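Okay everyone, thanks for coming. I'll put the structure up and then walk you through it.

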Amino acid sequence: NGIKGLIEHNFLVLMPKAYDIVKEFSVSKIVFSGHSLGGGLAQVALLAAFGQRHDKFRKYTSDGITGHDLFQAFKNVEFKAVTFAAPMVLNYDIDELSKQEYEVVSRLKLCSVNYVFAADVVPRIPGHVSFWKPALTKLAKSKISLTIDAFYGGDVTDAFDEEAEKMKCSTY
């Protein structure tokens with residue numbers, strides 16, 4: 001997908017500089033951060049960082065730095081993501097995950113946090129129609145307008161949370 005490709009490209013372009021900084025300053029933690037779309041990119045970057053390290057940077061060859069060099073520099077670096085109002089970048093049925101996929105998702109949950117304003121519905125909308133269509137239909141039939149609800153501090157996301165519960169989807 002496009003976002004994954006963008007992140008992979010940026011990793012390749014920025015890797016020599018990141019390598020130099022990690023080595024020069026003995027960096028022990030890298031935090032990806034962003035707001036809204038930038039937060040989604042930060043979450044994908046966290047996943048990409050884990051993937052690159054897991055693969056021991058085998059795909060990387062440039063600027064005289066080998067995958068082995070990168071692995072040695074980044075093997076003890078802690079990666080985290082702190083995001084604000086980021087959209088869901090992972091959307092899955094917890095019961096359909098393989099053991100390996102479940103371990104990746106669990107690790108991501110431990111290493112990232114997404115701060116969301118109570119009435120902000122966008123970060124709660126996952127990317128597939130079977131999830132958001134019933135919730136939007138329920139909201140559309142509601143007699144309470146979203147504007148009034150948000151103005152008075154109500155939580156307009158109950159419908160989305162109910163759909164997530166029914167589908168056993170994570171709203172991560």
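I'll go from the overall layout to the core, and then to a few spots on the outside.

Before anything else, keep in mind that this is a predicted model. The protein chain has seven helices and three strands. If you trace the sequence from start to end, you get α-β-α-α-β-α-β-α-α-α. There are 172 residues in the protein chain, and 33% of them are buried. About 10,800 Å² of the chain is exposed, with carbon and sulfur atoms supplying 59% of that. And take the contacts with a separation of 6 or more: 78% of them come from residues 24 or more positions apart.

Okay, the core. In soluble globular proteins, nonpolar side chains tend to be buried together. Here, the largest nonpolar core has 27 residues. If you want to find the ones with the most contacts inside it, click on Phe11, Phe32, Leu46, Leu70, Phe74 and Phe79. Which elements give two or more residues to this core? That would be helix 1 (2-25), helix 2 (37-54), helix 3 (67-74), strand 2 (78-84) and helix 4 (99-111). Helix 2 brings the largest share, seven residues.

Let's zoom in on Phe32. Setting aside residues up to four places away in sequence, Phe32 touches Phe11, then Ala42, Ala45, Leu46 and Ala49, and also Phe79, Lys80, Ala81 and Val82.

Now over to helix 3. Gly67, Leu70, Phe71, Ala73 and Phe74 are the buried ones there. Why do they sit on the same side of helix 3? Because they cover an arc of only 165 degrees around the axis.

Lys80 came up a moment ago as a contact of Phe32, and there's another thing to say about its side chain. The structure holds one salt bridge, and the partners are Lys80 and Glu78, at 3.3 Å from N to O. Buried or partly exposed, these two? Lys80 is partly exposed, at 24% relative accessible area, and Glu78 also counts as partly exposed, at 35%.

On to the surface. Phe84, Val113 and Tyr115 form a nonpolar patch with about 270 Å² of accessible area together. Tyr115 belongs to strand 3, residues 112-115, and is partly exposed with a relative accessible area of 47%.

There's another tyrosine I'd like to show you, Tyr102, over in helix 4. Tyr102 is at 43% relative accessibility, so partly exposed. If you skip its neighbours within four places in sequence, Tyr102 is in contact with Ile94 and Leu97.

Last stop, the backbone. Most residues other than glycine have a negative phi. So where do we find positive values here? One is Ser36, with phi near 55 degrees. Ser36 is in the loop between strand 1 (29-35) and helix 2, and counts as partly exposed at 32% relative accessibility. Ala85 also has a positive phi, near 55 degrees. Look for Ala85 in the loop between strand 2 and helix 4. Ala85 counts as buried, because its relative accessibility is 15% and the cut-off for buried is under 20%.

If you keep one picture in your head, make it the 27-residue nonpolar core, with helix 2 giving the largest share. Okay, over to you.

Technical notes
Residues numbered from 1 in each chain as written. Predicted model: local features only at pLDDT ≥ 70, side-chain atom pairs only at ≥ 80, totals over all residues. Heavy atoms only, no water. Core = buried A, V, L, I, M, F, W, Y, C linked by side-chain atoms within 4.5 Å. Buried < 20%, exposed > 50% of the residue type's maximum accessible area, 1.4 Å probe, protein only. Helix = DSSP H or I, 4+ residues; strand = E, 2+ residues; numbered from the N terminus. Contact = heavy atoms within 4.5 Å. Arc of directions from axis to C-beta. Patch = residues over 30% accessible without salt bridge, like charges linked within 9 Å, V, L, I, M, F, W, Y side chains within 5 Å. Areas by Shrake-Rupley, 256 points an atom, 1.4 Å probe, with all protein chains shown as cover. Salt bridge = Lys/Arg side-chain N within 4 Å of Asp/Glu carboxyl O.
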